[in-house]
Amino acid sequence: MLEITWLIPALPLAGFLVLLALGRRLGEPLAGWLATAAVGGSFAASVVVFLGLQAEGEEGRSYVQTLYEWVPAGGFTVDVGFLADPLSVTMCLFITGVGALIHLYSIGYMHGDPNFTKFFVYLNLFVFSMLMLVLGDNLLLTFLGWEGVGACSYFLISFWHTSDANASAGKKAFVTNRIGDWGYMVAMFLTFTALGSISYVDIQRGAGGLATTTATGIALLLLVAAVGKSAQLPLFVWLPDAMAGPTPVSALIHAATMVTSGVYLLVRMNPVLAQAEAWAPTAIAVVGALTALFAATIAVAQTDIKKVLAYSTVSQLGYLFLAIGSGAYVAAIFHMVTHAVFKALLFLGSGSVIHGMGDEQDMRRMGALRKIMPITAITFMFGWLAIAGIPPFSGFWSKDEILLFAFEKSPALWVIGFATAILTAFYMSRQVFMTFFGEARWDRPLEEAVPELAAERGLTPGHPEADEAPVEEGAEGDEAHAPTVANVYEAGHLPHGVGPKEAIHPHESGWLMTLPLVVLSAFALVAGFLQTPFSDDTKVLEHWLEPVVAPDEAILDVTGTFQASLALIAVLGAVAGLVVAFLLYYRRRWADRPVEPVLLLKGWYYDSSIAAFMGGPGRRGFDAVAWFDRHVIDGAVNGVAALVRGTGSGVRRTQSGFVRAYAGIVTGGAVVVVFVLLLRGVVL
């Protein structure tokens with residue numbers, strides 16, 4: 001059964017190649033069905049490999065399948081080989097399982113798009129790259145998948161590239177991730193230098209012999225890599241902008257694939273982290289805790305339904321870093337699995353809302369949609385309760401376990417995690433109440449239903465933001481159709497995310513989009529039972545992952561009563577966040593229209609400050625470095641070359657071919673030698 005491991009990445013690769021060659025002939029919807037079948041087949045192969053590993057004893061749950069030798073270079077050799085063990089197969093199961101559902105959903109969501117086939121070409125390539133990343137048996141093969149998902153994210157985020165905003169978002173993601181790539185590559189070089197191999201099996205065996213300084217250096221470089229890929233402070237800025245891509249892309253990147261890469265890498269390299277200085281894991285935990293809280297504060301003020309989920313993703317990834325830094329590797333993978341399920345559900349649910357609302361994404365334009373879109377509303381609420389940490393939904397179990405380990409690491413980290421949990425319950429409840437409950441704000445013209453939103457879009461003169469947001473491309477230089485929100489509705493077609501200004505007539509999505517929502521909502525309810533603290537037998541995931549993480553997993557030293565008390569406090573905090581959102585956004589208890597702080601709405605001005613720095617002092621600094629490189633570094637190199645060239649030209653003239661010239665040179669040389677000898681004799 002384990003022999004078919006190669007089939008897991010091969011099927012999406014085959015789907016990509018077939019669609020690349022025959023996609024246009026297949027057309028819509030056949031191209032979408034073929035891509036879905038490829039990923040669905042990969043899921044089936046993952047299940048078979050999972051069953052094969054389960055049939056083995058704990059010691060035998062590591063299978064390396066070598067296809068061929070890839071890089072032979074002296075003592076450095078790298079194979080194209082796959083490592084099937086509990087960690088990689090767990091990743092494969094939710095990548096292909098959730099990925100297949102997202103493919104199915106996309107057939108309905110992308111219906112009518114002129115680039116329907118190209119979208120599925122990218123999706124299959126994306127899934128293949130992610131599977132190479134998690135199945136690779138060495139750091140170099142993982143890096144191949146690491147770069148593959150980076151390239152595919154650029155293609156998919158800027159899929160609707162005719163809009164400047166979308167194209168810029170894709171470039172932003174690509175460039176920001178290059179910083180993480182630097183950390184990954186240097187960590188890989190350092191690992192080879194220290195251990196003589198980059199194979200995970202060799203790293204696991206040899207990590208115990210690493211010097212502490214070397215292990216600390218590798219751990220910090222891996223942290224840089226993970227911070228870039230998994231969007232943590234200070235490199236999270238690309239992920240909220242990634243919302244520019246189609247919603248299924250957001251679900252795939254933010255839930256099941258790319259952003260989990262950094263977390264996977266840190267867990268995979270846990271033997272090295274264990275050898276590092278004690279402050280290195282603490283640094284990982286602090287980065288995660290601060291990112292979780294920072295992103296949650298921004299999420300509470302966003303009005304774009306996808307932006308709320310984007311900042312929520314950054315925040316939840318912070319929890320995963322907090323878990324790793326606390327030595328809770330099982331809890332990190334546990335929350336990664338549950339998050340993949342309920343965040344995919346929430347993104348696809350938001351896509352269903354946007355689809356039904358005629359491409360409107362602003363929650364101020366929504367309300368009372370539960371009556372019009374009951375399936376979307378009910379399934380979305382399953383995801384809401386899961387991420388809010390309400391028992392028995394899956395997020396409660398996984399988040400509670402992280403908070404428990406965080407308390408063991410440091411009560412201060414627990415306080416930050418707990419505060420983030422309250423904010424999470426608040427902003428997700430706010431999103432649900434604004435979208436599915438309260439007054440309908442879509443059944444009238446925009447100026448009448450939501451005057452402030454109409455003003456922001458330039459439909460009401462005099463608003464300060466009316467001329468700021470560029471939303472329409474191709475109008476540069478044309479004053480009548482300048483790229484401002486003011487004339488977006490007169491531009492002939494609306495950009496993605498901006499609904500019509502007239503009354504909207506929302507509707508429930510078709511079965512292709514609602515079926516994945518129903519399946520994911522069921523998993524959002526039950527996935528938490530993979531790991532419950534009631535007894536040793538209920539810790540299924542912990543026993544499954546033991547061969548990979550057990551030697552370095554932190555051990556809790558708290559009583560069952562203490563665990564129950566912390567869990568109760570966490571639940572009370574989540575309920576408090578929910579109740580405050582209910583009073584503010586459903587009952588309108590303290591204000592008719594709650595006003596979110598501008599500071600949080602603008603994301604603490606973090607992104608805009610970076611943009612201002614890069615466009616001002618940063619750019620001047622880069623120009624100065626470029627000038628120094630061009631005139632000093634290149635000048636020195638070119639000067640040496642000119643000197644050698646000039647000297648060579650002078651010496652070449654002595655090669656005339658005339659004997660008398662050579663005799664003259666020999667005579668001159670002899671005179672010089674005699675002179676020097678005489679001089680030395682006189683002096684000495």
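Helices (H or I, at least four residues) and strands (E, at least two) are DSSP runs, numbered from the N terminus, and these labels serve as signposts throughout the tour. The model is predicted, so that local features need pLDDT of at least 70 and side-chain atom pairs count only at pLDDT 80 or more, while totals for chains, interfaces and linings use all residues. Residues are numbered from 1 along each chain as its sequence is written, and side-chain values use heavy atoms, with hydrogens and water left out.

**First stop: the cavity**

Select α17 (394–409) together with α23 (560–585), the elements that each give two or more residues to the lining of the largest cavity. A cavity here is a set of points, on a 1 Å grid over the protein atoms alone, where a 1.4 Å probe fits but cannot get out, and lining residues have an atom within 4 Å of a point. Rolling a probe the size of a water molecule over the atoms shows where empty space is left. The search of the whole structure finds one cavity of 30 Å³ or more, and the largest cavity has a volume of about 70 Å³, where a volume is the space filled by probe spheres set on the points, which are joined across faces, edges and corners.

Now show the lining as sticks: A388, G389, G395, F396, K399, D400, L403, A421, A570, V571 and A574. Which element gives the most to this lining? It is α17, with five residues. By class, the lining has seven nonpolar, two polar and two charged residues, with Ala, Val, Leu, Ile, Met, Phe, Trp, Tyr, Cys and Pro counted as nonpolar, Asp, Glu, Lys and Arg as charged, and the others, Gly among them, as polar.

**Second stop: the loop between α15 and α16**

Next, select E360, which lies in the loop between α15 (329–356) and α16 (374–388), and R457, which lies in the loop between α20 (451–456) and α21 (511–526). These two form a salt bridge, with the closest N and O atoms 2.8 Å apart; the term stands for a side-chain nitrogen of Lys or Arg within 4 Å of a carboxyl oxygen of Asp or Glu. Because of where the two residues lie, the pair ties together parts that are 97 residues apart in sequence. Are the partners buried or exposed? R457 counts as buried at 7% relative accessibility, and E360 counts as buried at 0%, where buried means under 20% relative accessible area, exposed over 50%, and partly exposed in between (1.4 Å probe, protein chains only).

Stay in the loop between α15 and α16 and select D359, which lies there, and then A368, which is placed there too. Most residues other than glycine have a negative phi, and most peptide bonds are trans. D359, however, has a positive phi near 80°, and A368 has a positive phi of about 60°. D359 is partly exposed, with a relative accessible area of 22%, whereas A368 is buried, with 7%.

Another salt bridge to select joins D362 and R364, whose closest N and O atoms are 2.8 Å apart. D362 is buried at 8% relative accessible area, and R364 is buried at 15%.

**Third stop: further salt bridges**

How many salt bridges are there by this rule? The count comes to 12. One of them joins K172 and D241, with the closest N and O atoms 2.8 Å apart. This pair links distant parts of the chain, since K172 is in helix α6 (residues 164–195) and D241 in helix α9 (residues 238–241), 69 residues apart. K172 counts as partly exposed at 21% relative accessibility, and D241 is also partly exposed, at 24%. Then select E147, R178 and D181, which are linked in a network of salt bridges.

**Fourth stop: two cis peptide bonds**

Select E28 and P29, where the peptide bond from the former to the latter is cis, with omega near 5°. P29 is placed in the loop between α1 (7–26) and α2 (30–55). Moving along the chain, select P391 and P392, which are joined by a cis peptide bond with omega about 5°, P392 being in the loop between α16 and α17.

**Last stop: a nonpolar patch**

Finally, select W6, L67, Y68, W70 and L144, which make a nonpolar surface patch of about 500 Å². Such a patch is made of residues with over 30% relative accessible area and no salt bridge, with nonpolar side chains (Val, Leu, Ile, Met, Phe, Trp, Tyr) joined within 5 Å and, in patches of charge, like charges within 9 Å. Accessible areas come from the Shrake-Rupley method with a 1.4 Å probe, and for residues only the protein chains shown count as cover. Strand β1 (residues 63–73) gives the largest share of the patch, three residues. L67 is found in strand β1, and counts as partly exposed at 42% relative accessibility.

Conventions. On a 1 Å grid over the protein atoms alone, a cavity is a set of points where a 1.4 Å probe fits but cannot get out, and a pocket is an open set with protein on both sides within 12 Å along at least five of seven lines; lining residues have an atom within 4 Å of a point.
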